[in-house]
Amino acid sequence: METLSKLVLRRPDDWHLHLRDGEMLKRVLPATARQFARAIVMPNLRPPVTSVDAAIAYRQRIASALPEGMVFTPLMTAYLTDTISPDELERGHKEGVFTAAKLYPANATTNSAAGVSDLSCITAVLERMQAIDMPLLIHGEVTDADVDIFDREAVFIERHLIPLRRQFPELRVVFEHITTSEAVQYVADGDHRYLAATITPHHLHINRNAMFMGGLRSDFYCLPVVKREQHRQALRKAATSGKNCFFLGTDSAPHPRSGKETSCGCAGIYNAPVALESYATVFEQEGALERLEAFASLHGPSFYGLEVNSGTIILERRCQQVSPSSGGDGIAPSDELVPFHAGEELAWTVAS
Ligand code: NCD
Ligand code: ZN
């Protein structure tokens, strides 16, 4: 087969992103904005984004942090708690502030302590979301200490997702950052008007061995934690299948080196700097480069009922050396971010 020297794609979007706030927001936003036109912005700030006013203010801080000349639209989400009111969600959705709402089971991941303790607490919220056709984005892991961490996603499907979708069959659900063959199967078998999933670059590239290769590798620790090789293979097949229920969501989740390289390190992989190149590498390895555009730029808007972007982006077959860390002027080593693929060579480069 002829080797492509460049790919022209409709401009993609990132359907799952952590932008953080303050100085960190300023540091990480350009990496996303240079590739993606829009992103679903996760609400797990401290304190979390639980009101329309907080989301408007956060959206404004994102706009202010965007460098001159860059164009980027943040799509805001509400952080569901046991007590959030259906009226607040509906108002935010109707006013075009909340694109969706995010369900974190309490204590499932970073900054999720205020999440939902039991799904029965938010029955009225889910009823309302279904009625107004507001998508529910799910971190799909049980938090029970007696469930092995590698099984938490599969158990969540059985215990919570299947009953939830039976109760609310017309609620649009995105099963976020799926990591298992069970999740792939469950989503593939669903009604794709109402069920879809995002897939991250790292879950396509690494399996759980990566976390222990030659020592404890905190840069490969994220939640849901990476799984066995068979699951990575299932995810690669799903992402490159061309099925419209699977689309791009990086889950880029920056933590400073001091938060990662410590005795109790944070979960999260910072993949924004080379996200598209990372996905392109997988699609090429799977012989599916012609399906990258649909995964990155078409399936997401279609599920969310949004227009596809009008611009394009060019991926060139040009080697790049990924920097070992992103520091910069005035940034202490403990505050550096170590990007996914740090120090590796990638065959693709987004043209500037
Ligand atoms: C995310 C973060 O750091 O906010 N971490 C992660 O490992 N993905 C939270 C999340 O999406 O679970
Ligand atoms: Zn996330």
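Biologist: What makes His16, His18 and Asp251 the residues that coordinate the zinc ion (ligand 2)?

Modeller: In this predicted model, His16 (NE2), His18 (NE2) and Asp251 (OD) lie at 2.0 to 2.1 Å from the zinc ion. Donors are N, O and S atoms within 2.8 Å of the metal (3.2 Å for Na, K and Ca), and water is not among the atoms. Residues are numbered from 1 along each chain, and ligands from 1 in the order written.

Biologist: Why is the site of the zinc ion (ligand 2) called irregular?

Modeller: The angles among its 4 donor atoms run from 93 to 142°. Four donors count as tetrahedral if all angles lie between 85 and 135 degrees, and as square planar if opposite donors are over 155 degrees apart and all others between 65 and 115; anything else is irregular. The value of 142° therefore rules out both.

Biologist: How do you know that Leu223 makes a polar contact with ligand 1?

Modeller: A backbone N or O atom of Leu223 lies 2.8 Å from an oxygen atom of ligand 1. A polar contact is a pair of N or O atoms within 3.5 Å, so this pair counts. A polar side-chain atom of His18, at 3.0 Å from a ligand 1 oxygen, also counts.

Biologist: How much of ligand 1 does the protein bury?

Modeller: Alone, ligand 1 exposes 320 Å² (Shrake-Rupley method, 1.4 Å probe), and the protein buries 100% of that.

Notes: This is a predicted model: local features need pLDDT of at least 70, side-chain atom pairs count only at pLDDT 80 or more; totals for chains, interfaces and linings use all residues. Side-chain values use heavy atoms; hydrogens and water are left out. A polar contact is a pair of N or O atoms within 3.5 Å; within protein, one must be able to donate a hydrogen and the other to accept it, and residues adjacent in sequence count only if both atoms are side-chain atoms. Four donors count as tetrahedral if all angles lie between 85 and 135 degrees; four count as square planar and six as octahedral if opposite donors are over 155 degrees apart and all others between 65 and 115; anything else is irregular.
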